[in-house]
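Colleague: Got a minute to go through some of the labels on this model with me? I'd like to hear the reasoning behind them.

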Protein chains: 2
Amino acid sequence: MRISELSERSGVPVATVKYYIREGMLPRGVASSATRAEYDDEHLARLKLIAALTDVRGLPLARVRDILSLIDKPAPDAMTTLGRAVGALPPYVDADRDDYPRARTAITSLGFTYDPEFSAVAQLDEALGALEAAGLDAGPETLRRYGDAMRSIAAAEVAPVAGMSVDQAVPYAVLGTALYEPVILALRRLAHHHLLAAADGR
Amino acid sequence: MRISELSERSGVPVATVKYYIREGMLPRGVASSATRAEYDDEHLARLKLIAALTDVRGLPLARVRDILSLIDKPAPDAMTTLGRAVGALPPYVDADRDDYPRARTAITSLGFTYDPEFSAVAQLDEALGALEAAGLDAGPETLRRYGDAMRSIAAAEVAPVAGMSVDQAVPYAVLGTALYEPVILALRRLAHHHLLAAADGR
């Protein structure tokens, strides 16, 4: 397809597509004449990935670049690659410690794998600290409730990864993590609203 | 308690406490002499609320002010007050339409209450649009999975609201929405990581 069609199908303006090409984030098209280049479905998929991360989730370009380089040059093992790619997504919290005792206790009690290198460990630690500071409950029973719900959601989400190569798994994990998060949070708020409205007799 | 103790117990610097008082976000203490004022547990609770919203969730002060005014001057009915207070939390999406067909279909299929005035409706609509643009599944079965998980979490969360007055319910709903969201998302990522690590034979 021509750049105009690529732009139309991705919803990304032509000038922005050209910018991504100049910045090395999107491969050049194949020259079909001196002034024309052809783009394919891989260009389209990559452009949609960039658009989803920048427009929808508002990621800084530097973070999007990190994710793209993990797709282009994955780390030696798949878990490290996936962990780093998901780690490029917000929230960005200080993650310079060797151990996160608050998160460790929670993760161990849920029977999850505790790996302080994985970004979500520091994120959980910070989130639990905020609950503690605000005097909100983060006891084992409460954590179990959230952990069980997330484990059942996650099981369905990771199932397709078994059949994927690393360069398929990274965009799947990054997009799946980033784009379902707002859905999950909106549905939680809607469930609250529904239950309160029902109790309110509406 | 003195302002120094208030600062220590809330973790908010004295200068910032004074700023919140000047801005009318925190009531003045009761003067106990020409140079001293006494603060009580209500000041402390309010300060913790402000700190949780600004520091932990990074809310702009204008949004925090909106939440505080809803506590001080609630709307005539509790549902409207709660809806507006939760609506002051991110994500901030365009919410100027009368109807959100994409969200309406999803919400109706889940059996939730569709109220286009409630901010999470526009948030869900935008999130579903992003899934569609990225070519990710948002079919009824997938939505049902997320909806069921959130409904079961939400049921436990709203239960205590039944015994609360509006001025107790607003901080509870706002803090509970804002501060458990990062916990939920971190646990989802940790569940992915655990399941993939287990499949990877670690």
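Modeller: Sure. Let's start with the rule for salt bridges: a side-chain nitrogen of Lys or Arg has to lie within 4 Å of a carboxyl oxygen of Asp or Glu. And keep in mind that this is a predicted model.

Colleague: What makes Asp72(B) and Arg46(B) a salt bridge?

Modeller: Their closest N and O atoms are 2.9 Å apart, and the limit is 4 Å, so the pair qualifies. Asp72(B) sits in helix α4 (residues 61-72) of chain B and Arg46(B) in helix α3 (residues 41-56) of chain B, so the bridge ties together parts 26 residues apart in sequence.

Colleague: Why is Arg46(B) called buried?

Modeller: Buried means under 20% relative accessible area, and Arg46(B) comes in at 14%, so the label fits. Its partner Asp72(B) has 47%; exposed would need over 50%, so Asp72(B) is partly exposed.

Colleague: How do you know that Glu132(A) and Arg102(A) form a salt bridge?

Modeller: The N to O distance is 3.9 Å, and the rule asks for within 4 Å, so that one counts too. Glu132(A) belongs to helix α7 (residues 119-134) of chain A and Arg102(A) to helix α6 (residues 101-110) of chain A, so parts 30 residues apart in sequence get tied together. Both also belong to a network of salt bridges that includes Arg97(A) and Asp125(A).

Colleague: Why is Glu132(A) exposed?

Modeller: Glu132(A) has 55% relative accessibility and the cut-off is over 50%, so exposed is the word. Arg102(A), at 35%, is partly exposed.

Colleague: And what makes Glu181(A) and Arg57(A) a salt bridge?

Modeller: Their closest N and O atoms are 3.0 Å apart, so they meet the 4 Å rule. This pair links distant parts of the chain: Glu181(A) is in helix α9 of chain A, while Arg57(A) is in the loop between α3 (41-56) and α4 (61-72), 124 residues apart. At 2% relative accessibility Glu181(A) is buried, whereas Arg57(A), at 22%, is partly exposed. By this rule, the count over all chains is 22 salt bridges.

Colleague: Last one: why is Val170(A) called buried?

Modeller: Its relative accessible area is 0%, and buried means under 20%, so Val170(A) passes. Val170(A) is found in helix α9 (residues 166-199) of chain A. Beyond neighbours within four places in sequence, Val170(A) is in contact with Ile71(A), Thr81(A), Leu82(A) and Ala85(A).

Terms used:
Residues numbered from 1 in each chain as written. Chains lettered and ligands numbered in written order. Predicted model: local features only at pLDDT ≥ 70, side-chain atom pairs only at ≥ 80, totals over all residues. Heavy atoms only, no water. Helix = DSSP H or I, 4+ residues; strand = E, 2+ residues; numbered from the N terminus. Buried < 20%, exposed > 50% of the residue type's maximum accessible area, 1.4 Å probe, protein only. Contact = heavy atoms within 4.5 Å.
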